[in-house]
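Dear colleague,

I am passing on to you the structure shown just below, together with its sequence. After it I have set out what was found, and I hope the notes will help you as you look through it for yourself.

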Amino acid sequence: MKPRITVELASRVKNLPPYLFATIDKMKQEAKAKGTDLIDLSIGDPDIPTPAHIVNAMKAAVEKPEHHRYPSYEGMLSFRTAVADWYKRRFAVDLAPGTEVLSLIGSKEGIGHIPLAFIEPGDVVLVPSPGYPVYPVGTLFAGGESYIMPLWEKNGFLPDLKSIPWDTLKRTRLIYINYPNNPTSACAPRSFYEEVIELAATYNIIVCHDAAYSEIYYDNEKPLSFLELDGAREVGIEMHSLSKTYNMTGWRIGFAVGNQDVIAGLGKIKSNLDSGVFQAIQEASITALETDDMVLADIRNTYQERRDVLYNGLKGLGMHVVKPKATFYLWTKVPEGFDSASFVAHLLNKAGILGTPGNGFGAPGEGYIRFALTVPVDRMKEAVERIGKAL
Ligand SMILES: *Cc1c(COP(=O)(O)O)cnc(C)c1O
């Protein structure tokens with residue numbers, strides 16, 4: 001017998017919240033093994049391929065030997081300039097590509113790493129819930145303490161900033177906000193961002209606005225950028241992603257923009273942990289950022305058609321559904337007699353439909369289920385029919 005070591009996980013890993021989706025995944029595998037014709041509405045990953053002009057730009061870029069070497073840490077200046085140009089066109093905001101733009105290996109990477117740059121053990125981070133699990137986990141990995149800001153429907157899924165105790169705010173160094181919001185699909189009005197800026201300036205809190213869904217909107221109502229507001233650049237940054245906008249989730253590229261000291265701090269962490277984004281991907285992403293709006297309108301129309309089928313269908317069945325103004329999610333109350341987990345199990349067993357339990361995004365999501373609009377419209381119609389029979 002060779003001597004064997006004991007593998008002991010670090011407490012920061014042991015302390016991770018239980019991975020709720022693991023159970024769902026198991027249920028999904030079992031349903032598939034039984035031969036269920038599954039309609040999977042649980043995945044926040046576009047089913048539509050990356051537009052051809054972007055794929056073709058990638059093919060050309062990958063042929064260039066200069067792209068085969070290590071990229072620069074902060075991103076190619078040409079990519080950062082393309083980001084600034086896109087920002088100017090989309091939001092009428094001027095950004096300095098050299099100091100106010102940073103490339104990311106997907107926005108998840110930046111969201112997860114930002115606490116490492118600014119959070120001391122015991123510092124507080126304000127985290128919306130239900131929300132993207134990376135906010136509390138990034139906080140935990142940096143030794144920070146998450147203060148949960150519940151997002152209630154009665155408040156339009158906006159956190160009640162006035163309810164946060166003063167002694168908590170004194171210890172707070174970072175706040176995450178996310179609009180258009182995953183999972184609730186809510187958008188934030190200008191007045192909310194004003195309130196956030198005032199809070200941040202008063203208590204010296206860095207604002208990190210996750211804007212991954214800024215381009216997946218409906219009825220031609222374009223969401224705001226945090227940086228459009230007066231005083232925003234003085235207190236924070238905004239994270240963007242090419243993943244959802246251009247159906248590029250597998251490519252792993254995003255960017256952070258805004259306050260140059262925050263950008264520099266995050267860049268410092270990154271330059272010590274990763275070596276940037278493959279330059280061919282950056283070059284193809286320049287093409288992506290220059291995409292004709294007609295192409296994006298097409299993508300939005302596809303989601304809008306699916307949204308209308310599912311929203312109207314579920315409403316017709318008497319369910320309580322939040323009508324999305326943006327994102328590709330439907331946040332729906334589970335019927336009487338169920339909780340999130342039992343309704344997800346019921347739909348899977350009785351209808352072959354998989355949704356995501358709302359409490360998987362945090363305790364305030366209990367009592368809801370999230371449906372993703374990532375299947376074609378005919379499958380969506382069938383989903384409505386099957387849910388009707390299962391109720
Ligand atoms: C999908 C998603 C992201 C990031 O995706 P990347 O592919 O890492 O850019 C960030 N925030 C939210 C809320 C998301 O749903």
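Three strands form an open sheet in the order E9-E12-E11, and the pairing in this sheet is antiparallel. The edges are taken by strand E9 (329–333) and strand E11 (356–357), each of which has a single partner strand, so one side of each is left without a neighbour in the sheet. Please bear in mind throughout that this is a predicted model.

Between E9 and strand E12 (residues 368–372) there are 5 bridges, and these two strands run antiparallel; if you would like a place to start looking, Thr-332 has Ile-369 in E12 as its bridge partner. Helix H11 (residues 293–316) lies across both E9 and E12, and its direction is at about 10° to that of E9.

There is also an open sheet of 7 strands, in which the order is E2-E8-E7-E6-E5-E3-E4 and the pairing is mixed. Here strand E2 (101–104) and strand E4 (145–150) stand at the edges, and because each has a single partner strand, one side of each is left without a neighbour in the sheet. On average, and with direction ignored, neighbouring strands of this sheet are turned by 20° against each other.

At the E2 edge, 4 bridges join E2 to strand E8 (residues 254–258), the two running antiparallel, and within this pair Ser-103 stands opposite Phe-255 in E8. Elsewhere on the sheet, helix H6 (residues 134–141) lies across strand E3 (124–129), E4, strand E5 (172–178) and strand E6 (206–210), and it runs at about 160° to E3.

Some details of the backbone deserve a look as well. The peptide bond from Tyr-179 to Pro-180 is cis, with omega near -10°, and Pro-180 lies in the loop between E5 and helix H8 (190–203). Another cis peptide bond joins Asn-182 and Pro-183, where omega is about 15°, and Pro-183 likewise lies in the loop between E5 and H8. In the loop between E6 and strand E7 (236–241) you will find Asp-219, which has a positive phi of about 55° although it is not a glycine.

Finally, I turn to the ligand, which is surrounded by 14 residues, the closest being Asp-210, Tyr-213, Ser-241, Ser-243 and Lys-244. By class, this shell is made up of 4 nonpolar, 6 polar and 4 charged residues, and its largest share, 3 residues, comes from helix H5 (residues 107–118).

Which atoms of Tyr-213 and Ser-241 lie 2.6 Å from an oxygen atom of the ligand? For Tyr-213 it is a polar side-chain atom that lies at this distance from a ligand oxygen, and for Ser-241 it is again a polar side-chain atom, also 2.6 Å from an oxygen atom of the ligand. Lys-108, by contrast, takes part through its backbone, with an N or O atom there lying 2.9 Å from an oxygen atom of the ligand. As for how far the ligand is enclosed, the protein covers 94% of the 390 Å² of accessible area that the ligand has on its own.

With kind regards

Technical notes:
Residues numbered from 1 in each chain as written. Predicted model: local features only at pLDDT ≥ 70, side-chain atom pairs only at ≥ 80, totals over all residues. Heavy atoms only, no water. Near = heavy atom within 4 Å. Polar contact = N/O pair within 3.5 Å; in protein donor to acceptor, adjacent residues only side chain to side chain. Areas by Shrake-Rupley, 256 points an atom, 1.4 Å probe, with all protein chains shown as cover. Nonpolar A, V, L, I, M, F, W, Y, C, P; charged D, E, K, R; others polar. Pairing = 2+ DSSP bridges. Axes fitted to C-alpha atoms, helices over the stretch in contact; angles between N-to-C directions. Contact = heavy atoms within 4.5 Å.
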